[in-house]
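Colleague: Could you take one part of this model, the packing of its helices and strands, and go through it closely? I'd like the pairings residue by residue, with your cut-offs spelled out.

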Amino acid sequence: MKYIERMVDTPFGDEITEVVLSHPPLIRVIAQLRFPPVASIANPDFIAPFQEKLRSDYPVLRRDQELGLIVGPDGVASQPTNAVVWRLNDKQENWRFSFAASFLALETTSYSNHTEFNDRFIVALEALSALIHPAIYDRLGLRYINRVQGSDRMSRLPKLVRPELLGFIGVDIGKNASIAHSVLQTQFDVEGTGLLVRAMQLPRGTTIDPAIVPVPEPSWILDFDAFTTKPQDFGVKEVAHELRRLAFRSYRLFRWSVTDEFIVECGGNL
């Protein structure tokens, strides 16, 4: 099978220019900063100044419980713990901050570009800095979850993504067999940055990860999780810079993973 020539021939290297996609395959983007625990964050009076900094854009505050993950024979399941998590949502519930004793996270189902995402995270970092004055942070992670669905696109996966990510998808396995699900997982270390890649084919109505909402048809997931691998000094500008570095690592790998046909089909102008 002939594959379309790709603009990016190696998965890691220099930063490349982002191509804006009018209808991107992203279903969720999550950034999370983990820091040494601050027990007072569970107290509503303590976190009130943090809420005020964000309330104009994220007016919906809800108290929740942190979820623990349990790995079992049916995949990964979530279970509530006793730890308090504060959720701040925009009115449309497209953007959400989660704030707990040991982490701050931003997630969106309406991602347009990294500049907007980074700017929103910086506002919360400044509020966090004013509230708890963290000396260090333990981990910074940035996750991009992409989904391909629809019978036409699913049948053309070998033309849309690199064969290295497909496993048995696109292979003639005989008339008496079918793929129930497929998960390929690889973790890279790139100059001190970790990058976990998962490529998954999922049956309709199922998921193996709480962050991936099931859909009523088979789908294929391309999931990038870039993260720092050691504690670092906290500073708003430094964290924002690191987040951007994680973003360009993931974006280059994404562009390596997909064909030009995929980019054009998602509304990109090459």
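Modeller: Helices α2 and α5 (residues 236–257) pack at an angle of about 150 degrees, with 10 Å between their axes, so the two are roughly antiparallel to each other (under 35 degrees counts as roughly parallel, over 145 as roughly antiparallel, 65 to 115 as roughly perpendicular, the rest as oblique). Axes here are lines fitted to C-alpha atoms, over the stretch in contact for helices, and angles between N-to-C directions run from 0 to 180 degrees. Helices (H or I, at least four residues) and strands (E, at least two) are DSSP runs numbered from the N terminus. Keep in mind that this is a predicted model: local features need pLDDT of at least 70 and side-chain atom pairs pLDDT 80 or more, while totals for chains, interfaces and linings use all residues. Residues are numbered from 1 along each chain as its sequence is written, and side-chain values use heavy atoms, leaving out hydrogens and water.

The α2/α5 crossing is right-handed (the near helix is turned clockwise from the far one by less than a right angle; anticlockwise would be left-handed). On the α2 side, the contact (heavy atoms within 4.5 Å) is made by His114, Phe117, Asn118, Phe121, Ile122, Leu125, Glu126 and Ser129. Facing them on α5 are Val236, Val239, Ala240, Leu243, Arg244 and Ala247. Sorted by class, that contact has nine nonpolar, three polar and two charged residues (Ala, Val, Leu, Ile, Met, Phe, Trp, Tyr, Cys and Pro are nonpolar, Asp, Glu, Lys and Arg charged, and the others, Gly among them, polar).

Helix α2 (residues 114–132) also packs against α1 (residues 44–54), at about 155 degrees with the axes 9 Å apart. That angle makes α1 roughly antiparallel to α2, and α1 passes α2 in a right-handed crossing. From α1 the contact takes Phe46, Ile47, Pro49, Phe50, Lys53 and Leu54, and from α2 it takes Val123, Ala124, Ala127, Leu128, Leu131 and Ile132. The class split in the contact of α1 with α2 is eleven nonpolar, no polar and one charged.

Just past α2, His133 sits in the loop between α2 and β6 (136–137). Its phi is near 45 degrees, a positive value in a residue other than glycine. His133 counts as exposed because its relative accessibility is 59% (buried is under 20% relative accessible area, exposed over 50%, partly exposed in between, with a 1.4 Å probe and protein chains only). Glu191 is another non-glycine residue with positive phi, near 50 degrees. Glu191 lies in the loop between β8 (182–190) and β9 (193–202), and its relative accessible area of 68% makes Glu191 exposed.

Now the strands. Six of the six residues in β5 (residues 103–108) are buried, and that goes for both faces: Phe103, Ala105 and Glu107 on one side, Leu104, Leu106 and Thr108 on the other. Side chains in a regular strand alternate between the two faces of the sheet. Strand β4 (residues 95–100) pairs with β5 in the antiparallel sense over six bridges (pairing needs at least two DSSP bridges between the strands). The two form a hairpin with two residues between them, and Ala100 has Phe103 as its bridge partner in β5. Strand β1 (residues 26–34) also runs antiparallel to β5, joined to it by six bridges; there Leu33 is partnered by Leu104.

Strand β1 pairs with β7 as well, antiparallel over eight bridges, with Tyr144 of β7 as the partner of Val29. Nine of the eleven residues of β7 (residues 139–149) are buried, so β7 is largely enclosed by the rest of the structure. Strand β7 then pairs antiparallel with β10 (residues 219–228) over nine bridges, where Val148 stands opposite Trp220.

Thr228 is a residue of β10, and with a relative accessible area of 3% Thr228 is buried. Beyond neighbours within four places in sequence, Thr228 contacts Tyr137, Arg139, Leu140, Glu242 and Leu246.

One last spot: Ala42, in the loop between β1 and α1, counts as partly exposed at 34% relative accessibility. Ala42 contacts Arg63, Val84 and Trp86, again leaving aside neighbours within four places in sequence. Its C-alpha atom is 29 Å from that of His241, 199 residues apart along the chain.
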